[in-house]
Amino acid sequence: MRLTVVGCSGSFAGPSSPASCYLLRAEHAGRTWSLALDIGAGALGPLQQHLDPRDLDAIVLSHLHPDHCIDLCGLYVVQRYHPEGPNRPLPVYGPTGSGKRMSEAYGLDDPHAMDSEFDYRDLVDRQPVVIGPFVVTPYAVSHPLEAYGVRVEVDGVVLAYTGDTDVCDALTPLMTGADLVLADSAFVAGRDTASGVHMNGAQCARTAVEAGGVGRLMLTHIPAWNDPEQCRAQAAEHWPAGHGAGLGVELARPGTTYEL
């Protein structure tokens with residue numbers, strides 16, 4: 001499985017990165033399968049540097065805040081109006097009411113207006129779905145609206161993506177044994193105190209260590225106003241040297257592809 005960080009800026013697109021979008025690719029049945037986790041503000045443009053978005057096999061939306069889903073509106077145009085003709089409906093897995101929410105965002109009155117372009121399917125807590133080689137298991141997490149962390153497994157290799165969340169019990173089964181944890185580190189310890197929204201770097205590291213068996217910890221969803229190195233330093237205090245794969249705490253880098 002290959003992970004490409006298309007965008008990793010927290011809460012809004014930053015000067016050097018779009019908002020959340022992670023492209024997963026894996027070989028199966030004689031071809032490459034492609035799955036996008038989120039498609040937030042500004043992500044559709046750089047996504048096209050890696051593949052034709054019409055070739056996506058599915059999209060999983062962790063939740064319906066714009067920094068995780070709004071570029072689905074642009075993809076609607078690609079799906080519907082491409083000169084080669086309309087594309088087949090693209091499966092979009094997301095929280096309840098994703099289709100209605102995205103139609104409203106585009107200015108369409110009919111909640112089913114995008115149904116010819118997208119095949120919306122509701123995520124259900126801890127119920128796996130199979131997309132080609134990807135086994136995707138959502139976990140309901142702690143955020144101000146319906147939100148999921150996502151565990152993706154391909155041939156025994158596991159990526160755990162927390163989405164946006166505060167520390168919660170669901171993070172243990174989400175992270176346990178993951179080869180790589182992509183963790184929401186939007187907050188700074190000692191500064192941000194709101195509960196039920198995001199984690200800071202220290203919380204990300206403690207939670208991953210407590211879950212057990214995590215190979216790599218990668219911080220993501222860091223807003224442009226934060227210093228990523230401060231977030232990494234706060235996490236490193238709780239990520240023992242030589243832990244997991246022997247790597248230190250990593251930072252998600254837009255445009256970078258990682259082999260898992």
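Where is arginine 126 found? I looked this up before anything else, and my notes follow. I kept in mind throughout that this is a predicted model.

**Entry 1: two positive phi angles**

I found arginine 126 in the loop between strand 6 (118–122) and strand 7 (129–131). Its phi is positive, about 65°, although arginine 126 is not a glycine. That caught my eye because most residues other than glycine have a negative phi. I then checked its exposure: arginine 126 has a relative accessible area of 44%, so I noted it as partly exposed.

Histidine 221 went on the page next. It is another residue other than glycine with a positive phi, here near 60°. I placed histidine 221 in the loop between strand 12 and helix 7. Is histidine 221 buried or exposed? With a relative accessible area of 1%, histidine 221 is buried.

**Entry 2: helix 3**

I moved to helix 3, residues 72–81, and listed its buried residues: Leu72, Cys73, Leu75, Tyr76 and Gln79. They cover an arc of only 155° around the axis, so I can draw them on the same side of helix 3. What do these residues pack against? I wrote down four helical and strand partners to start with, among them helix 1 (44–47), strand 4 (58–60), helix 2 (66–69) and strand 5 (90–94). Helix 4 (98–106) and strand 6 also pack against the buried residues of helix 3.

**Entry 3: helix 6 and its two ends**

How many of the eleven residues of helix 6 are buried? I got eight, which means that helix 6 is largely enclosed by the rest of the structure. The buried ones are Gly201, Ala202, Gln203, Cys204, Ala205, Thr207, Ala208 and Ala211. They pack against helix 5 (171–175), strand 11, strand 12 and helix 7.

At the N-terminal end of helix 6 I found a cap, asparagine 200. One of its side-chain oxygens lies 3.1 Å from the backbone nitrogen of alanine 202. Just after helix 6, glycine 212 takes a positive phi of about 90°.

Glycine 213 lies in the loop between helix 6 and strand 12. Its relative accessible area is 58%, so I marked glycine 213 as exposed. Leaving aside neighbours within four places in sequence, glycine 213 is in contact with Gly177 and Ala178. I also compared positions along the chain: glycine 213 and histidine 243 are 30 residues apart, and their C-alpha atoms are separated by 9.3 Å.

**Entry 4: alanine 189**

I looked at the loop between strand 11 (180–184) and helix 6, where alanine 189 is found. At 29% relative accessibility, alanine 189 counts as partly exposed. Which residues does alanine 189 touch, not counting those up to four places away in sequence? My list reads Asn200 and Gln234. Asn200 is the residue that caps helix 6, and Gln234 is buried in helix 7. I added one C-alpha separation, 8.5 Å between alanine 189 and glutamine 203, which are 14 residues apart along the chain.

**Entry 5: helix 7**

That led me on to helix 7, residues 228–236, where Cys231, Gln234 and Ala235 are buried. These residues cover an arc of only 100° around the axis, which puts them on the same side of helix 7. What covers them includes helix 6 (201–211) and strand 12 (216–220). Helix 7 has a cap as well: aspartate 227 sits at its N-terminal end, with a side-chain oxygen 3.0 Å from the backbone nitrogen of glutamate 229.

**Entry 6: glutamate 250**

Glutamate 250 lies in strand 13, residues 250–251. With a relative accessible area of 15%, glutamate 250 is buried. Which side chain does the side chain of glutamate 250 make a polar contact with? I found arginine 216, at 2.9 Å. Not counting residues up to four places away in sequence, glutamate 250 touches Arg216, Leu217, Met218, Leu219 and Arg232.

**Entry 7: the largest pocket**

I finished with the largest pocket, which has a volume of about 270 Å³. Of the 17 residues that line it, the closest to its centre are Cys8, Ser16, Ser17, Ile222 and Pro228. I sorted the lining by type: ten residues are nonpolar, six are polar and one is charged.

Key
Residues numbered from 1 in each chain as written. Predicted model: local features only at pLDDT ≥ 70, side-chain atom pairs only at ≥ 80, totals over all residues. Heavy atoms only, no water. Buried < 20%, exposed > 50% of the residue type's maximum accessible area, 1.4 Å probe, protein only. Arc of directions from axis to C-beta. Contact = heavy atoms within 4.5 Å. Polar contact = N/O pair within 3.5 Å; in protein donor to acceptor, adjacent residues only side chain to side chain. 1 Å grid on protein atoms, 1.4 Å probe; cavity = no way out; pocket = protein on both sides within 12 Å on 5 of 7 lines; lining within 4 Å. Points joined across faces, edges and corners; volume = space filled by probe spheres on them. Nonpolar A, V, L, I, M, F, W, Y, C, P; charged D, E, K, R; others polar.
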